[in-house]
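Work through the exercises below with the structure open. Try each task before reading its solution.

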Protein chains: 4
Amino acid sequence: MKVAVVGASGYVGLELLRLVLRHPRLELAAATSEQRAGRPVGEAFPALRGLVDLAFEEAVPEALARRAEVAFTALPHAASAPIVAGLRKAGVTVIDLSADFRFRSLEVYEEWYGAHKAPDFFGQAVYGLPELYGAELRGAELAASAGCYPTGALLPLVPFLREGLIEPSPIFIDAKSGVSGAGRKLEVGLLFSELDGNSLAYKVGQHRHTPEIEQEAAVAAGEPVSVTFVPYLIPTIRGIVSSVLVQTRGGLTTEAALEVLARAYADAPFVRVLPAGEMPRLQAVRGSNFCDLTAVADERRGTLVLLSAIDNLVKGAAGQAVQCLNLMRGWEESEGLLEAPLAV
Amino acid sequence: MKVAVVGASGYVGLELLRLVLRHPRLELAAATSEQRAGRPVGEAFPALRGLVDLAFEEAVPEALARRAEVAFTALPHAASAPIVAGLRKAGVTVIDLSADFRFRSLEVYEEWYGAHKAPDFFGQAVYGLPELYGAELRGAELAASAGCYPTGALLPLVPFLREGLIEPSPIFIDAKSGVSGAGRKLEVGLLFSELDGNSLAYKVGQHRHTPEIEQEAAVAAGEPVSVTFVPYLIPTIRGIVSSVLVQTRGGLTTEAALEVLARAYADAPFVRVLPAGEMPRLQAVRGSNFCDLTAVADERRGTLVLLSAIDNLVKGAAGQAVQCLNLMRGWEESEGLLEAPLAV
Amino acid sequence: MKVAVVGASGYVGLELLRLVLRHPRLELAAATSEQRAGRPVGEAFPALRGLVDLAFEEAVPEALARRAEVAFTALPHAASAPIVAGLRKAGVTVIDLSADFRFRSLEVYEEWYGAHKAPDFFGQAVYGLPELYGAELRGAELAASAGCYPTGALLPLVPFLREGLIEPSPIFIDAKSGVSGAGRKLEVGLLFSELDGNSLAYKVGQHRHTPEIEQEAAVAAGEPVSVTFVPYLIPTIRGIVSSVLVQTRGGLTTEAALEVLARAYADAPFVRVLPAGEMPRLQAVRGSNFCDLTAVADERRGTLVLLSAIDNLVKGAAGQAVQCLNLMRGWEESEGLLEAPLAV
Amino acid sequence: MKVAVVGASGYVGLELLRLVLRHPRLELAAATSEQRAGRPVGEAFPALRGLVDLAFEEAVPEALARRAEVAFTALPHAASAPIVAGLRKAGVTVIDLSADFRFRSLEVYEEWYGAHKAPDFFGQAVYGLPELYGAELRGAELAASAGCYPTGALLPLVPFLREGLIEPSPIFIDAKSGVSGAGRKLEVGLLFSELDGNSLAYKVGQHRHTPEIEQEAAVAAGEPVSVTFVPYLIPTIRGIVSSVLVQTRGGLTTEAALEVLARAYADAPFVRVLPAGEMPRLQAVRGSNFCDLTAVADERRGTLVLLSAIDNLVKGAAGQAVQCLNLMRGWEESEGLLEAPLAV
């Protein structure tokens, strides 16, 4: 099946190229980049030299539709919506990696992201977190691949909200992200010399992934959920480790909490619930689509710590999008995605 | 004034050597190391070549007392107590950097650390967090320099507990530490190839700094406080950034919270309360004794996020110990300690 | 085809597991580790959880031979030779990744590595650098996969020696290696806190890869070659970038030098000769079997700088071994190995 | 003595601020930055909060001359020359850290750097490598602080050239630099995600420090010297480790080579000649003005490897400039500069 990667020169876009190249059912038909249009992919990105024969092109939906059945769109929010709309109108199946189609409420979207650029298509996408929306993804033509922080937070959190085992408010999430999450942006704060040996929180209480987490948490809880979200940068390129810090309703032991997770993800090929005492770690998921999970309960204090690790560029973005496509097309969920992490 | 550094070949010990060398009132008279006894300091540690004329020796309290008025003891808990006792008996002023004299309750100490090895001296030390115990440190002869995580957690937290502005339970602390906090230990998990690009939580809910934080938080609150503490390793050598996640009692704005901090630390030379929106970061404190602080309130959710950054080897250990000594001897609190961080 | 990985718990061994798992013709039948015998692979190495069903076992050649047609041996030198001998006697095809079978002269081997532990088999292996010994590898039953530094040095160097374009002495090689090259050894010098932000040369003029480079360089030159080899550690896990610094015989331009390389590797699927001015870099080869090459000539000074980049664990070890196997069995040389690097 | 730091917001400029703050004879009177003029220093650079009361200002020589006796100029080449000229005309002692006054030949300067912007002052500066030009620096009013790579290369090399012990051509220099050497520039190639885990050579044979090295090497040799210079970036912020690869004239043992170095630097407070077998390393010099040196001879091959380590921002820039000032003013050469490195 021929696919186009739209916005292929950012870190997520490059990761999509990597994963499309290794997927047995996919063939890369087009890769777009405004800035690099006309340049051969393998010349602009030396890692891909010899692996991709295409040149970057501009993102023209009709032109892409002539060559590709499926498109992954990895553009910034607002830039993505009109391209997605154009691709859908031209009959292309789309997995969008921006925030433009992740929300249920247009009001919430516009409060956090500004005016929506393709309101006709708002609300038509399935939320692309396959472990939660696997059934809805089957046969869908538009998926809004879940954000990186929401993926790391919701996978451990949702089972407890669904079962009513924890208080819906307050929920604290403290997440530590590798720098690639900020994208390939020319900002002084993203220079090597400003980040090596450094770590700092940013956008505390103001990060745009907060309403996305709250939306899906509320769906799971059946009532509003209040999240205080604290993201950090840590000095590595890939990965997110998250702590979700909650209060239990009634007693909950670590063993019971681990069972809740094990039950929820018994059939999920990419969720690994770790044995008691083993902590999720970035190296164990690097380059892979896994989400490693554990839980530590403190019965005396009535608190529960949920922990997760993902590769933000794979399970937090490109891998998740491919996983969505696998389900949308009715293929094996893990097709082309099951590989050993590049641990060291 | 002549000083001995006991346990001088670990990372904290080496940092003590560095700070003693730059302190205008201190002269290094002895440095001990069991493993390296007999070896010149500058040969065992190439960074110190040409700066220290001494050879490492064994830690014999009476012998040290003949040459030093003051000793910094940077030994593991349990190993420290008998040496401290010996030094005190010989009349030496001691700043102990282990956990052996930080607790008010022997029961709590022994629950977390095992049998105390010098119970006669238990309870005789001033808790060495100068911003909270400045008055008590003046003239003291034994100080128990506060732990690294407790320093990073208590400095932002205590003012709010003292003023009764936040709920005493649950308090969540999510702290990210550089690897030097684990010491120079031969463990596979501390190898470069196991930690570069990696991050993971450890000892969740079981870390020995939990009761130390709870003890001092309870003193501040005037009631028991319940802390859920989640420490992480991040891939850098130095520094701790901490989130303290609490619920407010009544409304509290970010501005009001920053004023609480500013008021509490108006006279503290090493606490820098940052302007609203600026986040504490490791680079801004590296190699220095500063603790940078800020607060972000979420009025709607009734939550408050307190954030801090310290260099774990300086404000979290060696620098704090020197700051304690400055106060114990009635010198300027910042003497020999006020230097520009090695930001990049 | 069923394969055994012997010595599977070091960094090279784990990389072999990763590559065997992704190779369409290979099935992992056994993985050995003295230290971890009896432990499930996915429990000992969390990255592999869910991907490998086997437990580690001890390395008993006869037992392995019952389950595997092919073995990759990733043991330290001297430990490897008897196991290789046992496996060969039992009819197993072996690709050995130690130094035990790389030499033509037993005298040279024993000068640098000590007594050989399986002299009967000495001299029976094909030197496993497929770009130089492709023809010899076809049908071979024992290959001695080339060392990491020799791979990075010989691939750029050999074409110039073969064509007599450079002086055979002195040849300077300055190579910078990621820390995984030192293995998973418990040494203080390999701790994260000793290597982050650090770099240093080691074993200058004494590194055991020197005679291996000189051997193959001499074969290419048809005369003795004298190499001064300076290896460095740099603060990253994977990869080797090498400078080979030589004097030309007669004039040589950069363009001419690049043509020499292009001609030599026209049919080599993993050697990428970069366009003039583009430098080999670690990110462009990370996790892949590529060797990127370039050359910069200084006509005025009569010098030539050859530069290469490889992933030491892939093209410098596990990937090269699989490439050898592909050739030994007459499969496509790049089978199971052609993947996009994990650039960021 | 009141000093101005001109160009104080780059990495070298910030390091100058750090060193001026700790120097007992210096008082910071002005700090300039075009981009940040008007902003308080401690607000623009959080590390300096509370340590500097000044605001950045524009670089107006006459205005600076009214407040400062001495100026350190840390501007890019070409931008520096007119400011230096203005400061000198106004009677200010200047230590310039750009390349503008390092050359003896205007022709060579202009070949590599373009038209000189203050030719009247060309040739008036003492080359600021205090170990070589200590006598000339005493009483001087203009010094051209030596470049970072030239410092790391010339200190090990010059003694051997002076004594005629090595061939003057070819000399190969392979130097590995931390990223701060590239400055605080907004280039994609300097982003954290492009450099962590990465290493690559750049400007091979074309780096502007080549003629500076050749100039001073030729002075030492008394004849022209031909240098092939290969600089690399390695993934750390600070420091340069260099290999200088040469051929000996006649036999030279490691011991003899180390004696040459020891003799040359017997009175140099910042040069540490290491014992045989110990290698210069970045951690041992980080944050300090030391240059660690060693030599390894290969008698059989007639080659000599010289190795050095410096902190590029200290001995390679700001510390060297302060060392020059100390000598220019007749103070103790090491005043304000002798501190223990921040090894970990």
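The exercises cover one chain, then two interfaces, then a symmetry relation; the model is predicted.

**Exercise 1. Determine whether the radius of gyration of chain A agrees or disagrees with that of a compact globule.**

Solution.
- Start with the secondary structure: chain A has 11 helices and 13 strands.
- Take the extents next. The C-alpha trace of chain A spans about 65 × 45 × 35 Å along its principal axes.
- Set the expectation. For 344 residues, a compact globule would have a radius of gyration near 20 Å.
- Compare. Chain A has 19 Å, so the value agrees with the globule rule.

**Exercise 2. Describe the interface of chain A and chain B: how much area is buried, and which residues of chain A lose the most?**

Solution.
- Count the residues in contact: 43 from chain A and 43 from chain B.
- Get the area. About 3,500 Å² is buried between the two chains, and carbon and sulfur atoms give 59% of it.
- Rank the residues. A:Phe172, A:Gln283 and A:Arg301 lose the most area to chain B, together 16% of what the chain A side buries.
- Follow A:Arg301 further. A:Arg301 forms a salt bridge with B:Glu214, with the closest N and O atoms 2.6 Å apart.
- Put that pair in context. The interface holds four salt bridges. It also has 26 residue pairs in polar contact, both residues at pLDDT 80 or more.
- Map the contact to elements. Those giving two or more residues on the chain A side include strand S7 (171-177), helix H9 (209-221) and strand S10 (240-247) of chain A. S10(A) gives the most, with six residues.
- Sort by class: the chain A side has 22 nonpolar, 13 polar and eight charged residues.

**Exercise 3. Describe the interface of chain B and chain C: which helix of chain B gives the largest share?**

Solution.
- Count again: 18 residues of chain B are in contact with 18 residues of chain C.
- The two chains bury about 1,700 Å² between them, 66% of it on carbon and sulfur atoms.
- Tally the polar terms. There are two salt bridges and six residue pairs in polar contact, both residues at pLDDT 80 or more.
- Find the helix. Helix H8 (residues 192-195) of chain B supplies the largest share, four residues.
- Look at B:Glu194. Its side chain meets that of C:Arg184 in a salt bridge, 3.1 Å from N to O.
- Sort by class: the chain B side has 10 nonpolar, three polar and five charged residues.

**Exercise 4. What relation superposes chain B on chain C?**

Solution.
- Recall the principle. Two copies of a chain are related by a rotation about an axis and a shift along it.
- Read off the operation: a rotation of 180° with 0.0 Å of shift along its axis, at RMSD 0.0 Å.
- Name it. That is the relation of a two-fold axis.
- Check the surfaces. The same surface serves both copies, as 100% of the contact residues of chain B recur in chain C.

Terms used. Residues are numbered from 1 along each chain as its sequence is written. Chains are lettered from A and ligands numbered from 1 in the order in which they are written. This is a predicted model: local features need pLDDT of at least 70, side-chain atom pairs count only at pLDDT 80 or more; totals for chains, interfaces and linings use all residues. Side-chain values use heavy atoms; hydrogens and water are left out. Copies are superposed by least squares on the C-alpha atoms of residues with pLDDT of at least 70 in both. Contact means heavy atoms within 4.5 Å. Buried area is the accessible area (1.4 Å probe) that two parts lose on being put together, summed over both. A polar contact is a pair of N or O atoms within 3.5 Å; within protein, one must be able to donate a hydrogen and the other to accept it, and residues adjacent in sequence count only if both atoms are side-chain atoms. Ala, Val, Leu, Ile, Met, Phe, Trp, Tyr, Cys and Pro count as nonpolar, Asp, Glu, Lys and Arg as charged, and the others, Gly among them, as polar. The radius of gyration is taken over C-alpha atoms; the globule rule is 2.2 Å times the number of residues to the power 0.38.
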